[in-house]
Amino acid sequence: MTDPMETSPDEKLILLYKQGDEDAFTKLMANYTPMIHHYCRKYFAKGLDRNDLFQEGRLGLYTAMMKFQSYKGRFHSFAQIHIKSSIINAVKKATRKRQQMLSNCLSFSAELNLQGRRCLIAWLPIY
C-alpha cells in the first residue's frame with residue numbers, strides 16, 4: 001500500500017480537487033488526455049463517433065477520481081482500469097443487437113437523390 005509521505009502528483013491533485021480546487025481537475029484531465037486518446041484509437045463501433053469514445057474515457061477518469069482511495073494503490077493504475085472499461089462498455093453498448101437499427105438507418109433530414117430529383121425524406125427500414 002502507499003505511504004502518505006510518498007503520494008504522487010496525481011494523488012495530490014485528486015486531494016485538491018476533492019477539497020474544491022477546479023484547477024486540479026483541469027490539470028488531471030490534461031495529464032490523462034493522451035492515455036484516453038490511446039485507448040480510443042484501439043476501439044471502434046459502427047455508429048459511434050471517436051469523440052463519443054473520448055467522452056466515455058473522460059467519464060471513466062472522472063469516476064476513477066471520485067472512487068480513488070490512496071491506501072488501496074496508485075492512481076495511475078486505477079485510472080487506467082476505469083478509462084479502459086468505460087470505453088469498452090460504450091463499444092459493447094453501441095454494438096448490441098437492439099442498437100443496430102439506430103446504427104444502420106439514415107437521418108430524418110438525409111438528402112437523397114431519387115431519379116435525378118433532390119428531396120428530403122424521412123426514411124426508416126420497415127421490419
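This report describes the helices of a predicted model, the residues buried between them, and the aromatic rings.

Local features are given where pLDDT is at least 70 and side-chain atom pairs where pLDDT is 80 or more, while totals for chains, interfaces and linings use all residues. Residues are numbered from 1 along each chain as its sequence is written, and side-chain values use heavy atoms, with hydrogens and water left out.

**Helices and their spans**

Helices are DSSP runs of H or I with at least four residues, numbered from the N terminus. The expected span of a helix is 1.5 Å times one less than its number of residues. The table sets this value beside the separation of the end C-alpha atoms for two helices.

| Helix | Number of residues | Expected span | End C-alpha atoms apart |
|---|---|---|---|
| α2 (residues 22–42) | 21 residues | 30 Å | 30 Å |
| α3 | 18 residues | 26 Å | 26 Å |

In both rows the two values agree. Even so, α2 bends by about 45 degrees at Y32, with a proline, P34, following within four residues. The bend is the angle between axes fitted to the seven residues ending at a residue and the seven starting there. At the start of α2, a side-chain oxygen of D21 comes to within 3.1 Å of the backbone nitrogen of D23. G20, just after α1, has a positive phi of about 110 degrees.

**Buried sides**

A residue is called buried under 20% relative accessible area, exposed over 50%, and partly exposed in between (1.4 Å probe, protein chains only). Contact means heavy atoms within 4.5 Å.

In α1, the buried residues are D10, E11, L13, I14 and Y17. Seen down the axis of α1, they fall within an arc of 155 degrees, so they line one face of the helix. The arc is taken from the directions from the helix axis to the C-beta atoms. The cover over these residues includes α2, α3 and α4.

In α2, the buried residues are A24, L28, M29, Y32, M35, I36, Y39 and C40. Their cover includes α1 (9–18), α3 (50–67) and α4 (75–94). L28, in α2, has a relative accessible area of 0%. Apart from neighbours within four places in sequence, L28 is in contact with D10, L13, I14, L61, M65 and F75. The C-alpha atoms of L28 and M65 are separated by 9.1 Å, although the two residues are 37 residues apart along the chain.

In α3, the buried residues are L53, F54, G57, G60, L61, A64 and M65. They cover an arc of only 140 degrees around the axis, which puts them on the same side of α3. The face turned away from that side carries the exposed residues N51 and K67. What covers the buried residues of α3 includes α1, α2 and α4.

S86 belongs to α4 and is buried, with a relative accessible area of 16%. Leaving aside neighbours within four places in sequence, S86 is in contact with E56 and G60.

**Aromatic rings**

Rings of Phe, Tyr and Trp (its six-membered ring) pair if their centres lie within 6.5 Å; planes under 30 degrees apart count as stacked, over 60 as edge-to-face and the rest as tilted. The whole structure holds five aromatic pairs. One of them, F25 with Y62, is edge-to-face, at 6.2 Å centre to centre and 80 degrees between the planes. F25 lies in α2 and Y62 in α3, so the pair ties together parts that are 37 residues apart in sequence. Y62 is partly exposed, with a relative accessible area of 34%. Ring pairs also link Y32, F68, F75 and F78 into a cluster.

Definitions and conventions: Helix = DSSP H or I, 4+ residues; strand = E, 2+ residues; numbered from the N terminus. Polar contact = N/O pair within 3.5 Å; in protein donor to acceptor, adjacent residues only side chain to side chain.
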